[in-house]
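Grab the model and a pencil: here are a few exercises, each with a worked solution. Try each one on screen before you read on.

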Amino acid sequence: AQAAGGCPFHAAGGPAAGEPAAGSPAAMAEAFDPFDGPYQLDPAEALRWSRDQLPVFYSPKLGYWVVSRYDDVKAVFRDAILFSPRNVLEPITPPCAEAREVLTRYGYAMNRTLVNEDEPAHMERRRVLSEHFLPANVEAHQAMIRRLTREKVDRFIDEGRIDLVDAMLYEIPLTVALHFLGVPEDELERLRRFSVAHAVNAFGRPTPAHQIDVAHAVGRFWQYAGGVIETMRADPDGTGWMHHTIRKNAELPAIVTDSYVHSMMMAIIVAAHETTALASAGMFKTLLTHRDAWEAICADPALIPNAVEESLRVAGSAAAWRRQTTAPTRLGGIDLPEGAKLLIVQASANQDERHFEHAEQFDIYRDNAVDHLTFGYGSHQCMGKNIGRMEMRIFLEEVSRRLPHLRLADQTFTYLPNTTFRGPEAVWVEWDPARNPERSDP
Ligand code: HEM
């Protein structure tokens, strides 16, 4: 078996390896830094060399094995026993002692939820909590999403220039998520700051000084989540998924544990809205960059569902996920030891030529766009995927109908530096309100 890119397990005790030749796969593996330049700009492009030459490699800067090809990423998702999800939410940059102390002062005890729980506990819990995600229950949110979207579009339709994220793509997914969960919709701005801190804590590389600020925000978020649970417990007839979870906690405390309820309350607020907001922002950026695709959906809204899938493929908001091996195994021709931490890069898998023809092309007519791995795969696959999809579809239906002449403004897109959550922080768009179709055809 090949030992890739300076692996500490193979190097331990062995002869010191020489410097890898510049541009060689080993040198690329050593240089790989997901918090910097190329990966932040375009994770799929940054890993093209890996898909072609070394599909599984050890990154010394990250301390993880990186997996870049479609079949390998899918194989890892498929086997949640051999590839445990236990490290999915663990801080990818271990916090410094002072940050850990701050977290302890807040009583922070984030633990297993669903997404990072092993079997058999995970499936028992997922089964007990799946009812709200059934198609008929998801469908029940459609009218609310459309109403919120129309209200937002009404508000900015005559402005001629806005940041779509600020004007609608952040707030609507957050409002929908809180409504779905049954969480009081009172502190949207605060939740936004908490969510960014949670993402940086789990997936970012904050400096030690920044870690202290992040620890305070995460600690406050933890306490806020505890307070929300207490408020919700006082309303035993409340509706929404977290109310259901709290009732199941009373009925089946060994399956839906106290620790789960508190950890999930914090994690799900982020999982349910940040992902959808970022994916929606990525979708508008991508479609407006490909004008022919935008005009096609304006002319024929029946193309929208596949345009959503193709956007999730090339600009999905979950760029990479994590797993840890529970036994030695072999993946992509590379031997992995037990306990190896893996960064499985969906953004790269989604642009693997071995699965998607002309993978780098954005093609809303692609017949296998839906094969993307942005929602994961297998027993942990995203439970909220159809809520996210529905929101994205409705955003496109409403905006393309009322503002077909929308165009991207000149701008430099920025992204929160992290391995996993991906989407532009702002999407500035412009149009001429005098040309709004409803002015000539009200
Ligand atoms: C799990 C992505 C929206 C709830 C996941 C996973 C990913 C993901 C990558 C892990 C999958 C795996 O390990 O195989 C996304 C994206 C979204 C989105 C890209 C939007 C575009 C939502 C929404 C909700 C939600 C709206 C809830 C209302 C969950 C839950 C899990 C999960 C509960 C854990 C499932 C389990 O481990 O059994 N999501 N998600 N997600 N997601 Fe989402």
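A crossing of two helices is left-handed if the near helix is turned anticlockwise from the far one by less than a right angle, and right-handed if clockwise. Helices (H or I, at least four residues) and strands (E, at least two) are DSSP runs, numbered from the N terminus. This is a predicted model, where local features need pLDDT of at least 70, side-chain atom pairs count only at pLDDT 80 or more, and totals for chains, interfaces and linings use all residues. Residues are numbered from 1 along each chain as its sequence is written, and side-chain values use heavy atoms, with hydrogens and water left out.

**Exercise 1.** Work out how helix 12 and helix 16 pack, and which residues meet.

*Step 1.* Take the axes, which are lines fitted to C-alpha atoms over the stretch in contact, with angles from 0 to 180 degrees between N-to-C directions. For helix 12 (residues 171-181) and helix 16 (residues 258-289), the angle is about 145° and the axes are 8 Å apart.

*Step 2.* Now the hand: helix 12 and helix 16 cross in a right-handed way.

*Step 3.* List the contacts (heavy atoms within 4.5 Å). Helix 12 brings Pro173, Leu174, Ala177, Leu178 and Leu181, and these meet Ile268, Ile269, Ala272, His273, Thr276 and Ala277 of helix 16. Sorted by type, the residues in this contact are 9 nonpolar, 2 polar and no charged (Ala, Val, Leu, Ile, Met, Phe, Trp, Tyr, Cys and Pro are nonpolar; Asp, Glu, Lys and Arg charged; the others, Gly among them, polar).

**Exercise 2.** Find the protein donor of the ligand's iron atom.

*Step 1.* Search for donors: N, O and S atoms within 2.8 Å of the metal (3.2 Å for Na, K and Ca); water is not among the atoms, so sites may look incomplete. The only protein hit is SG of Cys382, at 2.3 Å.

*Step 2.* Place Cys382 in the chain: look in the loop between helix 19 (346-349) and helix 20 (385-402).

**Exercise 3.** Which parts of the chain does the salt bridge of Arg161 with Glu430 link?

*Step 1.* Apply the rule: a side-chain nitrogen of Lys or Arg within 4 Å of a carboxyl oxygen of Asp or Glu. Arg161 and Glu430 pass, with their closest N and O atoms 3.1 Å apart.

*Step 2.* Trace both ends: Arg161 is in strand 4 (residues 161-163) and Glu430 in strand 10 (residues 428-430), distant parts of the chain 269 residues apart.

*Step 3.* For the whole model, the count is 27 salt bridges.
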